[in-house]
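Student: Got a minute to walk through this model with me? I'd like to get a feel for its helices.

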Amino acid sequence: MVEASDIMHGAIRSVDMDEGVFGIAHSELIAKEDMLQLFEHEELGIAVIHTYIWYMYDTLMRGTELCNRFNFIAASRINTTFITKNPTSVMNELVDRFMVASDNTTPSLYFLPFNSGNGGHWVLVAMDLSRLMVYYLDSLPGNWSKYPSMKKTVDAAILKFRSKKNYRNRKDITWVRVQCPQQNNSIDCGFFVLRFMRDIIALNRIDIPKMVWNNNLGFILILSDISSNLLLNHEYVLFS
């Protein structure tokens, strides 16, 4: 395992991700500061979140049917800061992401790692466009009512997408608060969001049960896997 002292000072690499990951070609800058978030157990930033999504896509999904069942939305494009500045633009970003898929009548999930802004709290929003279902996963108490502008933007994007595709809206959009393991500090929310996505993909279930995880202990212990994967992936990015 790479040591913190081994990281090249000022090392920055650009990771080019093909359109399979986020629906459009995407480049992510990975720097020493991102590695330190792992070594020093700090709040995860967007670069780390995106890198692990790329890792999951590349190792778990690429070339399999999972690519048709699970999709990712870039956290750098949809967050509280952007919604506050220009909610219409953010809504259109979501619609454009939905339009990339050739068939959204077949059940699939769109994962949106959502940040409350300014390095704030991470939650996971998983959208099933065919069933008009939105699953909300949060490692802190509460539900989507904490982020009314996010919910309003997501709902508007889903309805606009369905209108553009001439799909009938047979019912209202249903939001479900999934019972999740809870973090016991103020910094692990990003790790929890990554684990939520990985477990749902592993289950290969579009209809997320209200209670997926039986207890906090096993969940938190296995969070170390996420750290190991991230460290190895960043090591490859920085030193290859």
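**Helices and a few odd loops**

Tutor: Sure. This is a predicted model. Let's start with helix α5, residues 87–100: its 14 residues reach 21 Å from first C-alpha to last, close to the 20 Å expected at 1.5 Å a residue.

Student: Which residues of α5 are buried?

Tutor: Val90, Met91, Leu94, Val95, Arg97 and Phe98. Looking down the axis of α5, those buried residues fall within an arc of 160°, so they line one face of the helix.

Student: Why would residues three or four places apart point the same way?

Tutor: Because an α-helix has 3.6 residues a turn.

Student: And what covers the buried residues of α5?

Tutor: The cover includes helices α1 (19–22), α4 (80–85) and α6 (148–164), along with strands β3 (70–72), β4 (109–115) and β5 (122–128).

Student: OK, zooming out. How many helices and strands does the protein have?

Tutor: Eight helices and seven strands. Of the 240 residues, 50% are buried. Also, if you take the contacts with a separation of 6 or more, 69% of them are between residues 24 or more positions apart.

Student: Let's switch to α3 and α7. How do their axes cross?

Tutor: The axes of α3 (residues 46–61) and α7 (residues 189–203) come within 11 Å and cross at roughly 15°. An angle under 35 degrees counts as roughly parallel, so that is what α3 is to α7. The crossing is right-handed.

Student: Which residues make that contact?

Tutor: From α3 you have Ile49, Tyr52, Ile53, Met56, Leu60 and Met61, and from α7 there are Gly190, Leu194, Met197, Arg198 and Ile201.

Student: Arg198 catches my eye. Is that arginine buried or exposed?

Tutor: Buried: the relative accessible area of Arg198 is 16%, and the cut-off for buried is under 20%. Arg198 sits in helix α7, and its C-alpha is separated by 9.7 Å from that of Tyr52, although the two are 146 residues apart along the chain.

Student: What about the rest of α7, how many of its residues are buried?

Tutor: 13 of its 15, so α7 is mostly covered. Its length works out too: 15 residues at 1.5 Å each should span 21 Å, and the end C-alpha atoms are 21 Å apart.

Student: And α3, what span should its 16 residues have?

Tutor: 22 Å, at 1.5 Å a residue, and the end C-alpha atoms of α3 are 21 Å apart, which agrees. Its buried residues include Ala47, Val48, His50, Trp54 and Tyr57. Tyr52 of α3 is buried as well.

Student: What follows α3?

Tutor: Gly63, with a positive phi near 80°. After α7 you get Asn204, where phi is also positive, near 55°.

Student: Hang on, what sign does phi have in most residues other than glycine?

Tutor: Negative, for most of them. Asn204 has a positive phi and isn't a glycine. You'll find Asn204 in the loop between α7 and α8 (216–239).

Student: Which other residue has a positive phi near 55°?

Tutor: Leu132, again a residue other than glycine. Leu132 is in the loop between β5 and β6 (133–137).

Student: Last one: how do Leu132 and Asn204 count for burial?

Tutor: Leu132 counts as buried, at 2% relative accessibility. Asn204 counts as partly exposed, at 26%.

Methods. Residues are numbered from 1 along each chain as its sequence is written. This is a predicted model: local features need pLDDT of at least 70, side-chain atom pairs count only at pLDDT 80 or more; totals for chains, interfaces and linings use all residues. Side-chain values use heavy atoms; hydrogens and water are left out. Helices (H or I, at least four residues) and strands (E, at least two) are DSSP runs, numbered from the N terminus. The expected span of a helix is 1.5 Å times one less than its number of residues. Buried means under 20% relative accessible area, exposed over 50%, partly exposed in between (1.4 Å probe, protein chains only). The arc is that of the directions from the helix axis to the C-beta atoms. Contact means heavy atoms within 4.5 Å. Axes are lines fitted to C-alpha atoms, for helices over the stretch in contact, and angles run from 0 to 180 degrees between N-to-C directions. Angles under 35 degrees count as roughly parallel, over 145 as roughly antiparallel, 65 to 115 as roughly perpendicular and the rest as oblique. A crossing is left-handed if the near helix is turned anticlockwise from the far one by less than a right angle, and right-handed if clockwise.
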